[in-house]
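Student: I am new to this structure and would like a close look at a single part of it. Could you take me through that part slowly, and then show me what surrounds it?

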Amino acid sequence: MTRIKAADEAAIAEAAALIRAGELVAFPTETVYGLGANAFDSNAVAQIFTAKGRPPTDPLIVHIASQDTLSSVVDFVSPQAERLIDAFWPGPLTLILPRGSQIPPNVSAGLSTVAVRMPANPIALALISAAGVPIAAPSANRFAHTSPTSAQHVYNDLAGRLPLILDGGSTRIGLESSIVDLTSERPRLLRPGGTSPEAIARIVPDLEIITRYADSSNEALPAPGMLLKHYSPRAELRLFDGESEAVRVALRQTAYELMSQDQQVGLLVAEEDRAALLDIAAPLVVLGSLNELEAVARHLFAGLRDLDSLGVNVILARAYPPTGIGLAIRDRLLRAAEGRLIQV
């Protein structure tokens, strides 16, 4: 049986005891909810992959509550890493560094590196501190499904697969952390996320932004969230990109065409699109303004889940500009659409 408990002091203490006992616990971070296990315990870590249906080639992120713990997770911290840590931790930035000997290989898909971050959420930090061990945690959802931004999302995906979900309300950022690999010749942004590439580049100016996607999970991936199909709703997602007016015309035309074929259509759009689409007899989810992309990011995964819950089988969505957190929004939508982008 899976229980949801408000994340008060007693619930956090119970969750910490479960982590120490080798069990799984879901908990909120500032990005999305995580499915956590003792990062030092290979058997506990293996349960994460089983619960999610996640391939062992897709590595996990180790979460810490203090920089004092970092030496037990990684083998070496470079000056570049120290500058990024000073600038962005605690916060939505994950660093890939040489894996320390205490971290079992299955955390990192057998690679000699490890992904690590310090979350900026008081519940997450209290849980890690109370557990007394770093916590390995991917997003608390079925593998490749839309990430969870509430305790109910976790329950809907994983009920019966873990004993406890700590409820900390809706997550503040709503998209996963940015991931920077510091084990190559130059720093590489492997996944855009809650820390903008522009902000990262101010600390490491030679940052390389990687836009390649992996289409197979047969080989070890350098970081989580790199598969082409990821963050996906149950419905087919069609993603439209171009000048805003042209996108609205394409959304209208495609919606009417699909509805004439008896398809159940949902629309996932920006506030500026609302007036042009409001008369379409289909569910309409507005994520936020094009001028407030942080709100769009915060509502993205919940919006996809809301449309799924209404039983639509095709979601029509607009793309967002690839700047700031817009790059992360665009990345999640593109992966949810399995890489298919319709230019209009």
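Tutor: Let us begin with Ala-109, which lies in the loop between strand 5 and strand 6. The model is a predicted one, and in it the phi of Ala-109 is near 55°, a positive value in a residue other than glycine. Most residues other than glycine have a negative phi, and most peptide bonds are trans. Ala-109 has a relative accessible area of 17%, and since buried means under 20%, this residue counts as buried.

The two strands on either side of this loop lead us to the largest nonpolar core, because strand 5 (93–98) and strand 6 (113–117) each supply at least two of its residues. That core has 44 residues, of which Leu-84, Trp-89, Leu-95, Val-180 and Ile-200 touch the most other members. Strand 3 (33–38), helix 2 (42–52), helix 3 (79–88), helix 5 (151–158) and helix 6 (197–203) are also among the elements that each give at least two residues, and helix 2 gives the most, with five. Taking Leu-84 as an example, and leaving aside residues up to four places away in sequence, we find that Leu-84 touches Trp-89, Leu-93, Leu-95, Val-180, Leu-182, Ile-200, Ile-203 and Val-204. Apart from this core lies another, of 30 residues, including Ala-235, Leu-293, Ala-297 and Ala-328.

Trp-89 deserves a second look, for the peptide bond from Trp-89 to Pro-90 is cis, with omega near -5°. Pro-90 has its place in the loop between helix 3 and strand 5.

A positive phi is also found at Tyr-231, where the value is about 55° although the residue is not a glycine. Tyr-231 lies in the loop between strand 11 (208–209) and strand 12, and with a relative accessibility of 2% Tyr-231 counts as buried.

Strand 12, at the end of that loop, belongs to an open sheet of five strands in the order 14-13-15-12-16, with parallel pairing. Strand 14 (284–286) and strand 16 (341–343) stand at the edges with a single partner strand each, so one side of each is left without a neighbour in the sheet. From one strand to the next, the twist averages 25°. Strand 12 (residues 236–241) is joined by five bridges to strand 15 (residues 314–318), which runs parallel to it, and Glu-236 stands opposite Val-314 in strand 15. Helix 10 (residues 326–336) packs on the sheet, where it touches strand 12, strand 13, strand 15 and strand 16, and its direction makes about 135° with that of strand 12.

Note on methods. Residues numbered from 1 in each chain as written. Predicted model: local features only at pLDDT ≥ 70, side-chain atom pairs only at ≥ 80, totals over all residues. Heavy atoms only, no water. Pairing = 2+ DSSP bridges. Helix = DSSP H or I, 4+ residues; strand = E, 2+ residues; numbered from the N terminus. Axes fitted to C-alpha atoms, helices over the stretch in contact; angles between N-to-C directions. Contact = heavy atoms within 4.5 Å. Core = buried A, V, L, I, M, F, W, Y, C linked by side-chain atoms within 4.5 Å. Buried < 20%, exposed > 50% of the residue type's maximum accessible area, 1.4 Å probe, protein only.
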